[in-house]
Amino acid sequence: MDVRVGVRVEGIVQGVGFRPFVHGLATGLGLSGLVGNDARGVFIEVEGPAGAVERFLDGLRERPPRLAVIDRVTTRKLAVSGAAGFVIAGSDASGERRALVSFDSATCDDCLREMRDPADRRYGYPFINCTNCGPRFTIVRDVPYDRPNTTMAGFAMCGPCAAEYADPADRRFHAQPVCCPACGPTLELRPAADDPLHAARKLLADGAVVAVKGLGGYHLAVRAADGEAVAALRARKHREDKAFAVMVPDVAAARALCEVGEAEEALLTGARRPIVLLRRRPDAALAEAVAPGNASVGIMLPYTPLHHLLVTEPLVLTSGNVSDEPIAFRDADALERLAGIADAFLVHDRPIHVRTDDAVVRVFRGRTLPVRRSRGYAPEPVPIRSGPPVLACGAELKNTFCLSRDGRAFVSHHIGDLENYETLRAFEEGVEHFRRLFDIVPEVVAYDPHPEYLSSKYALAQELPTVAVQHHHAHIASCLADNGTDGPVIGVAFDGTGFGTDGTLWGGEFLIANLRGFERAGHLAPVPLPGGAAAIREPWRMAAAYGVPDDLPVADRPAWDTVKGMARRNVNSPLTSSMGRLFDAVAAVLGVRDKVNYEGQAAIELEQLADPTEQAAYRVAFDGTEAFTVRGADLVNAAVDDVRAGVPAPMIAARFHNSVAALIVEGARRIRETTAIGTVALSGGVFQNMLLLERAVTGLEDAGFTVLTHHRVPPNDGGISLGQAAVATARSQSPSSRSPSTWR
């Protein structure tokens, strides 16, 4: 007996070949009906024998296209119509928008084979794509995901492309960005050349800096083995020390430069293609200036056809901007802003709608640990509790924003540091785009209570109910949401600085927390931050604040006595419990770094210095019981004693790391004794330190704790917006249950 069933599919089901997949599945089972896109996702009507319909539904759930993510499949019975054939219906843009947008996906093997085949009409074409790969998020203007709603709207399909688009048996059936050399985007080199690709490769071989228009913006490229070219790029870009990313042609080239494990290879070769931080080989053929003072290198594989054609050897491929500015993505702006950096521009005429930096990840215990969540990951949602629509505005540094509703949190691509007008404008444009794309009208705005954050000022100007979420609570809530749990947990939030509820700058925090609220259970003993922001830029000031003796080399600074006096008299020296600043103090004592050129540089180089075979640790005292303090000065003093005793700096650096891991375990034990909470959540930028993270997790697990770490969003401030959204959602459901006494 025939039946007819209406099917609703929600999730990432547009722009991933879902309609062609449904068409093939239905016709293969001899079923009739239709499939189409609408503002909610994909709608299907399928008719035929009951057994065949059941097999269709099983196949729908179990064998979707590789880029599809199915959140929900719902069905309803319909009256049998007796109509023959299965068709793709026209898209319906009416109604509330619930459709999800796919991330930009790396070029698939089928397209690469065609691009490399001299007999194929797309041979050597740098914009080849199909339903399984190509641009998505960076070109979409609106939903449903159809060509008129993308930046491909201006490219009319030629006859052969239109035939592929309309052929159910073709891989490009309803592939929205489908194109070829006759009808699609074209490549151009400025200054002009007959063969732009060949000329660009020649320029790179000769040591030039070439600006390359990619998926989400412009990159700056030089040969990674050319020391003079890399140095020139650093000087022109005003990027003194921060490591450059390197694109290599294949996995073999990655292995020649770095140690690549199984999990790292899966990330390098997967559809998302992030930059993966890998340990550099001692004999790697890379200029020292690629990653000065850093044992790790960020490696990525080509993810666009243009990259595959251009990258024949390792190339530095770094964001197209001057240091601290957002990546350039509009052509006129890029040509103006990068004119003093690039010797040539390799451009194309497909507009980029959303500027999107490359994502950066590393592997921790076989799982992804995001450092920067952006291209290849955004705008894939993170599941959270259902609640009212929320706009979470994030932090000041490494900013992301988050819009949530109906149990989905859409964490934005990486925006950057909100320290100039261009980045703030990118933030505001991004919020408006996400609001329109996902049809979210916020009813609540969540923000960081720091009074000077531009993201917070934006939040308070929205004329909506607001929820202030303390910075370190947001870190822990982010880790909870990342792991799909509400808590309560012992939250260890270690970072640079965040505005505390007592008006001081926190950053070495032990919290008892769930999504609704938190209690400060312990922290590093506060010390002065002499000169405020100047102490963040100059780590030696933190050595002075911690009372390092005047006879050590670190004290050989003209302003040493002045800074020590400022700290002693609390002049322009706000108090801070920051773990990041404790790392700075020890780095300065060991002569690692006096002045930083990017955030966290001293701590990163201290980690690089540490001897991983050293197991010894320093003793550190805990004061108090209910809300204990940890004497960070004990660790500084112990490091000073070892310096005087002639202990090698790598051993001292390792002992310091071991000590911080040990104090994490001891702090968690103390809280467990009074609360019986056995789960610890680790969050904050300090937990990007892999040596510390590994030793802390090992110590906690050996002590019987369950440990939560990040794997969907970064532990740094890039994850703050998700935590804010999760807290605002939880408080909307239980606004009166924020006291820790109600959690235990």
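Helix α1 (residues 18-28) supplies the largest share of the lining of the second largest cavity, namely three residues. The model in which this cavity was located is a predicted one. The volume of the second largest cavity is about 90 Å³. Its lining comprises 17 residues, of which G15, V16, G17, R19 and H174 are the closest to the centre of the cavity. Classified by chemical character, the lining of the second largest cavity consists of eight nonpolar, seven polar and two charged residues.

The second largest cavity belongs to a set of seven cavities of 30 Å³ or more, identified in a search of the whole structure. Rolling a probe the size of a water molecule over the atoms reveals where empty space remains. The largest cavity encloses about 130 Å³ of space. A total of 17 residues line the largest cavity, and those closest to its centre are P126, L215, T304, P305 and R350. The lining of the largest cavity divides by class into eight nonpolar, seven polar and two charged residues.

Helix packing was examined for α17 with two other helices. The angle between the axes and the distance between the axes together describe two packed helices. Helix α17 (residues 579-589) packs with helix α18 (residues 601-609) at an angle of about 60°, and their axes lie 8 Å apart. The two helices, α17 and α18, are therefore oblique to each other. The crossing that α17 and α18 form is left-handed. On the side of α17, the contact involves F583, D584, V586 and A587, while α18 contributes A602, A603 and L606. By class, six nonpolar residues and one charged residue take part in the contact of α17 with α18, and no polar residues do.

The packing of α17 with helix α19 (residues 632-644) has an angle of about 10°, with the axes 10 Å apart. Because angles under 35 degrees count as roughly parallel, α17 is roughly parallel to α19. In this contact, L582, A585, V586 and V589 of α17 meet G632, L635, V636, A639, V640 and V643 of α19. The contact of α17 with α19 contains nine nonpolar residues and one polar residue, with no charged residues. Residue V586 of α17 is listed in the contact with α18 and also in the contact with α19.

Technical notes:
Residues are numbered from 1 along each chain as its sequence is written. This is a predicted model: local features need pLDDT of at least 70, side-chain atom pairs count only at pLDDT 80 or more; totals for chains, interfaces and linings use all residues. Side-chain values use heavy atoms; hydrogens and water are left out. Axes are lines fitted to C-alpha atoms, for helices over the stretch in contact, and angles run from 0 to 180 degrees between N-to-C directions. Helices (H or I, at least four residues) and strands (E, at least two) are DSSP runs, numbered from the N terminus. Angles under 35 degrees count as roughly parallel, over 145 as roughly antiparallel, 65 to 115 as roughly perpendicular and the rest as oblique. A crossing is left-handed if the near helix is turned anticlockwise from the far one by less than a right angle, and right-handed if clockwise. Contact means heavy atoms within 4.5 Å. Ala, Val, Leu, Ile, Met, Phe, Trp, Tyr, Cys and Pro count as nonpolar, Asp, Glu, Lys and Arg as charged, and the others, Gly among them, as polar. On a 1 Å grid over the protein atoms alone, a cavity is a set of points where a 1.4 Å probe fits but cannot get out, and a pocket is an open set with protein on both sides within 12 Å along at least five of seven lines; lining residues have an atom within 4 Å of a point. Grid points are joined across faces, edges and corners, and a volume is the space filled by probe spheres set on the points.
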